[in-house]
Amino acid sequence: MIVLPKREDNVYPKTAENINALISFYFDKYDINQEGAIEAIMSKTSLSLNQVEFIIKKLSEAYPSIFRKYSSNGVMLKNLFLMYGFSLTGVEQRGSRPAEKMKKEFIDFVENSQ
């Protein structure tokens, strides 16, 4: 079972500047389209910054072994967050069969890395 950090343990505000810093820290090493990612993350008002960081960190750790191998024409960070990262919150979003397979691989990856 995946356990996100508690909202109450958050010490920094969820601002565009802080989210941009997280994205840069975890994803600048990859050639990934970051367009619209900040806005997509900010739109998930139920998540605190420490929860967003947890999700972004796990997406970054899984990127080389899961997401990059399935993508021949590039991946958008916004889509990774909305389709796969947000699934760590327990909110179900259905996708295509390949997307569901990646989601299962990602969730298994996170569960095995906690």
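Helix 1 and helix 3 are roughly parallel to each other, because angles under 35 degrees count as roughly parallel, over 145 as roughly antiparallel, 65 to 115 as roughly perpendicular and the rest as oblique. Helix 1 covers residues 16-27 and helix 3 covers residues 49-70, and the two pack at an angle of about 20 degrees with their axes 9 Å apart. The contact brings together Asn18, Ile19, Leu22, Ile23, Tyr26 and Phe27 of helix 1 with Leu49, Val52, Glu53, Ile56, Lys57, Leu59, Ser60 and Tyr63 of helix 3. Sorted by class, these residues are 10 nonpolar, two polar and two charged. Helix 1 passes helix 3 in a right-handed crossing.

Before going on, here is some background. This is a predicted model, in which local features need pLDDT of at least 70 and side-chain atom pairs count only at pLDDT 80 or more, while totals for chains, interfaces and linings use all residues. Residues are numbered from 1 along each chain as its sequence is written, and side-chain values use heavy atoms, with hydrogens and water left out.

Now for the vocabulary. Helices (H or I, at least four residues) and strands (E, at least two) are DSSP runs, numbered from the N terminus. Axes are lines fitted to C-alpha atoms, for helices over the stretch in contact, and angles run from 0 to 180 degrees between N-to-C directions. A crossing is right-handed if the near helix is turned clockwise from the far one by less than a right angle, and left-handed if anticlockwise. Contact, or touching, means heavy atoms within 4.5 Å. As for the classes, Ala, Val, Leu, Ile, Met, Phe, Trp, Tyr, Cys and Pro count as nonpolar, Asp, Glu, Lys and Arg as charged, and the others, Gly among them, as polar.

Stay with helix 3 and look at what else packs on it. Helix 3 and helix 4 have axes that come within 11 Å and cross at roughly 105 degrees, so these two helices are roughly perpendicular to each other. Here Ile55, Leu59, Tyr63 and Phe67 in helix 3 meet Leu80, Phe81 and Tyr84 in helix 4. The class split for this contact is seven nonpolar, no polar and no charged.

Helix 5 is another partner: helix 3 packs with helix 5 at an angle of about 130 degrees, with their axes 10 Å apart. That makes helix 3 oblique to helix 5. On the helix 3 side, the contact is made by Phe54, Lys58, Leu59, Glu61, Ala62, Ser65, Ile66, Phe67, Lys69 and Tyr70, and on the helix 5 side by Lys101, Met102, Glu105, Phe106, Phe109 and Val110. These residues comprise 10 nonpolar, one polar and five charged. Helix 3 passes helix 5 in a right-handed crossing.

What sits inside? The largest nonpolar core has 33 residues, and Phe27, Leu59, Phe67, Leu80 and Phe106 have the most contacts inside it. (A nonpolar core is a set of buried Ala, Val, Leu, Ile, Met, Phe, Trp, Tyr and Cys residues joined through side-chain atoms within 4.5 Å.) Helix 1, helix 2 (37-43), helix 3, helix 4 (77-84) and helix 5 (97-112) each supply at least two residues of this core. Helix 3 gives the largest share, 10 residues. In soluble globular proteins, nonpolar side chains tend to be buried together. Try finding Leu59: not counting residues up to four places away in sequence, Leu59 touches Phe27, Phe67, Leu80, Phe81, Tyr84, Gly85 and Phe106.

Is Lys58 in helix 3 buried or exposed? At 7% relative accessibility, Lys58 counts as buried; buried means under 20% relative accessible area, exposed over 50%, partly exposed in between (1.4 Å probe, protein chains only). Leaving aside neighbours within four places in sequence, Lys58 is in contact with Leu88, Phe106, Phe109, Val110 and Ser113.

The parts outside the helices are worth a look too. Ser87, in the loop between helix 4 and helix 5, is buried at 8% relative accessibility. Not counting residues up to four places away in sequence, Ser87 touches Lys103 and Ile107. Met76 lies in the loop between helix 3 and helix 4 and, at 27% relative accessibility, counts as partly exposed. Finally, Asn10 lies in the segment before helix 1. Asn10 and Asn50 are 40 residues apart in sequence and 5.5 Å apart in space, C-alpha to C-alpha.
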